[in-house]
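Good morning, and thank you for the opportunity to present at this meeting. I shall go through one structure with you, and I ask that you keep it in view while I speak.

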Amino acid sequence: MPSSCRLIIGLSIARIKKFIPNRWRKGAKAEDIQSNQPFKLQNSEKAVLEPSIITNDESMIKNLLASLQEYATQGQLLPAFKVFSLIKLHTSYSASDNLILRPISSLLLSCTNLKLLPAGKQLHAQIMFLGLEQSPILVHKLVSFYSTFDLLDDARLVIENSNILHPLSWNLLISSYVRNGLFEESLCAYKHMVSKGIRPDNFTYPSVLKACGETLDLELGKTVYKSINDSCQEWCLYVHNALISMYGKFGELDVARCLFEKMPERDTVSWNTIISCFASRSLWEDAFEFFEKMQVEDFELSIITCNIIAGMCLRTGNFSGALQLLSQMRTSGAGLDSVTIITGLGACSHVGTIKLGKEIHGFVIRNCYDGFDSVRNALITMYSSCKDLWHAYTLFQSIEEKSIITWNSMLSGYAHVDRPEEASFLFREMLLSGVEPNYVTIASILPLFARVANLQHGKEFHCYLARRAVFKDYLLLWNALVDMYARSGKILAAKRVFDLMKRRDGVTYTSLIAGYGMQGKGETALKLFKEMIELQIKPDDITMVAVLSACGHSGLVAEGQMWFQKMQSIHGIIPTLEHFACMVDLYGRAGMLNKAMETISRMPYKPSPATWAALIGACRIHGNTDIGEWAAEKLLELRPENSGYYVLIGNMYAAAGRWDKLAKVRTFMQDLGLRKAPSCSPRLIWAQNFQPLNVGK
């Protein structure tokens, strides 16, 4: 007698009954479940020849299958596998594989849902042992199982070794590749699928089109589009949305627009996709146009749509528009997510509305978004931008594990309000905590030292940059060094850094031109400017301010007049108030006070306090009280809050012996609540504020 037969003979009904629920046992016939005795074959010869050797065998198997299904559904895999073993024993002589497919499929599904990798692999081995690896049902279940664990090479081997011509399993593999960002592999799988004669369907195309867009594979994308048009598939909204997105990634916005306009129906995803296509290319007008059409067609705004539009408002400087949209979302009951919150905080940072920023902070706490690093960093930036450094630093200190972004947010806050000592102290703390600065860190703090001309800290950062090759190609950092040395009056040090730079841009030249201008070396500054033009580096309005200022400080009136005319005729730069102020200063320093007064009268802008101050200073130097008084009256009409302007006017009257006018100025200052800032020795200020930075070796 075969060994399998001996196993069946030794199998008791009691062992089987253990795995059959009571409700099924009660409903079974008496003859279906026999007495609790060892199972016996009444006719051994028939047992060898016939598969149905047990009376009512089909009923027993049916009950076992139902029992296994319930165990698998409940996630009780240990008893489920025991039942599976009994089913295998009980069907050893079954001529059909269909009976065993159902329990294996159920067990594989449970292993997938419960993420049980070893058990699933054992089932795979059993499938191969039983020769069922070509079963379409099991192939799909195996591909799904391995894809769940991101074992996509195993999933690919399963499907490539099968002879299945249905796209279902291939679709699952391709979408898994795309989900994991393996776009090249997904396209290879698609090509392999097509080469085997398997026709893609509407579930294949969205993933393939996304992969084409991400890899910018225009040729294959067009081939897939042609395949869609040539297929007999019905029009599919999801495929069409994927096509629009793909052509948007390619930058072929006319094709994307045409596809969108030809759609017989659209959903919110369609609108989001076409808006994103134009927004990603900074074509804000077109993007806003589609948004307005979406509202006209009465589509409900989703959180994704609102985030896209609010982000666009932020990028285009429409901060109030971004905040208004967020308020609209809140009023309509739409849930805000972390992206929305960060956008709102960014708008508050730019506008300086700390009250609204605090309201958003309250919303963050109530809705448990304060655990998101990105949200906390945005809060720190918001408080810093609104000059509430106490709240910013309190938030910063409350974060136990600070990322480089968190450090950068706080450092940027101190840099924003020109607090070099606090910034340098925090930078030391970052180094001591073991966090390595990146480009953003240095880019935040180094321009601060340039603005306040903090030479000592600037030199230390110069050493820090020189010792780290990772920063050598970041032009912004080296430009900041040139600017820092130039502002500090160390023009030779600025020129040395300039000469060592392999790459320069307009900012590099502008910083050095301004430095030479402040030193009264106008001819050298103009020589640099001409060199810049010869290198075809286009000057901007800031460059021209530096050039005109250099001419003014060096008394180069003719050159200043020439470049003021050429800045618009040759370089296409429209003169701003700053340029006219430079010309007023140029004429004033040269003693051409009538020309300066004429420039103020004819310029198309309302003079600023600084413009009037430049003229008053020139009148004081050259002793022209008449024009000086006229300019002083105009300046007093503006009621500036800077006490230095009133001191300048008072000094002019004192120099001219106009004590009555001087008394009026002092009374005016008292009425406004202004006081002259007390003078102090620069050496004393340096001694009180200086702390060595020691940024590291």
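Let me begin with the aromatic rings. This is a predicted model, and a search of the whole structure finds 24 aromatic pairs in it. One of them joins Phe-145 and Phe-149, whose rings meet edge-to-face, with 5.1 Å from centre to centre and 65° between the planes. Are these two residues buried or exposed? Phe-145 has a relative accessibility of 0%, so it counts as buried. Phe-149 has a relative accessible area of 22%, and since buried means under 20%, this residue is classed as partly exposed.

A further edge-to-face pair is formed by Trp-612 and Trp-630, with 5.1 Å between the centres and 80° between the planes. This pair links distant parts of the chain: Trp-612 belongs to helix H37, residues 609-622, while Trp-630 belongs to helix H38, residues 625-637, and the two lie 18 residues apart. Trp-612 is buried, at a relative accessible area of 6%, whereas Trp-630, at 30%, counts as partly exposed.

Rings may also be joined into a group. Which residues do ring pairs link into a cluster? They are Phe-427, Tyr-439, Phe-449, Phe-461, Tyr-464, Phe-471 and Tyr-474.

Some rings have a charged partner. The charged end of Lys-402 sits over the ring of Phe-396, at 5.1 Å from its centre. Likewise, Arg-504 lies over the face of Phe-498, and here the distance to the ring centre is 4.2 Å.

I turn now to the protein as a whole. It has 41 helices and zero strands. Of its 697 residues, 46% count as buried. If we take the contacts between residues at least 6 apart in sequence, 62% of them join residues at least 24 apart.

Two buried residues will serve as examples. The first topic is Tyr-485, which is found in helix H29. Its relative accessible area is 6%, and it is therefore buried. What is Tyr-485 in contact with, leaving aside its neighbours within four places in sequence? The contacts are Leu-455, Lys-459, His-462, Lys-490, Ile-491, Ala-493, Ala-494 and Val-497. Lys-459 deserves a remark of its own: this residue and Tyr-485 are 26 residues apart along the chain, yet their C-alpha atoms are separated by 8.7 Å.

The other example is Thr-441, in helix H27. Its relative accessible area is 0%, so Thr-441 is buried. Once its neighbours within four places in sequence are left aside, Thr-441 is in contact with Ile-404, Asn-408, Leu-411, Phe-427 and Met-430. Phe-427, among these contacts, is also a member of the ring cluster described earlier.

Next, the pockets. Rolling a probe the size of a water molecule over the atoms shows where empty space is left. In this model, the largest pocket holds about 570 Å³ of space. Its lining consists of 26 residues, and those nearest its centre are Asp-483, Arg-487, Thr-510, Ser-511 and Ile-542. Which helix gives the most to this lining? It is H31, with nine residues. Helices H27, H29, H31 and H33 each supply at least two residues. By type, the lining divides into 14 nonpolar, eight polar and four charged residues.

The second largest pocket has a volume of about 380 Å³. It is lined by 15 residues, of which Lys-472, Trp-478, Leu-500, Met-501 and Lys-502 are the closest to its centre. Helices H28, H29 and H30 each supply at least two residues of this lining, and H28 gives the most, with three. This lining divides into nine nonpolar, one polar and five charged residues.

Finally, I should like to point out two residues in loops. Leu-216 has a positive phi of about 55°, although it is not a glycine. Leu-216 is placed in the loop between helix H13 and helix H14, and at 56% relative accessibility it counts as exposed. Asp-418, which is not a glycine either, has a positive phi of about 55°. Asp-418 lies in the loop between helix H25 and helix H26, and its relative accessible area of 37% makes it partly exposed.

That concludes my presentation, and I thank you for your attention.

Definitions and conventions: Residues are numbered from 1 along each chain as its sequence is written. This is a predicted model: local features need pLDDT of at least 70, side-chain atom pairs count only at pLDDT 80 or more; totals for chains, interfaces and linings use all residues. Side-chain values use heavy atoms; hydrogens and water are left out. On a 1 Å grid over the protein atoms alone, a cavity is a set of points where a 1.4 Å probe fits but cannot get out, and a pocket is an open set with protein on both sides within 12 Å along at least five of seven lines; lining residues have an atom within 4 Å of a point. Grid points are joined across faces, edges and corners, and a volume is the space filled by probe spheres set on the points. Helices (H or I, at least four residues) and strands (E, at least two) are DSSP runs, numbered from the N terminus. Ala, Val, Leu, Ile, Met, Phe, Trp, Tyr, Cys and Pro count as nonpolar, Asp, Glu, Lys and Arg as charged, and the others, Gly among them, as polar. Rings of Phe, Tyr and Trp (its six-membered ring) pair if their centres lie within 6.5 Å; planes under 30 degrees apart count as stacked, over 60 as edge-to-face and the rest as tilted. Buried means under 20% relative accessible area, exposed over 50%, partly exposed in between (1.4 Å probe, protein chains only). A charge sits over a ring if NZ of Lys or CZ of Arg is within 6 Å of the ring centre and within 35 degrees of the ring normal. Contact means heavy atoms within 4.5 Å.
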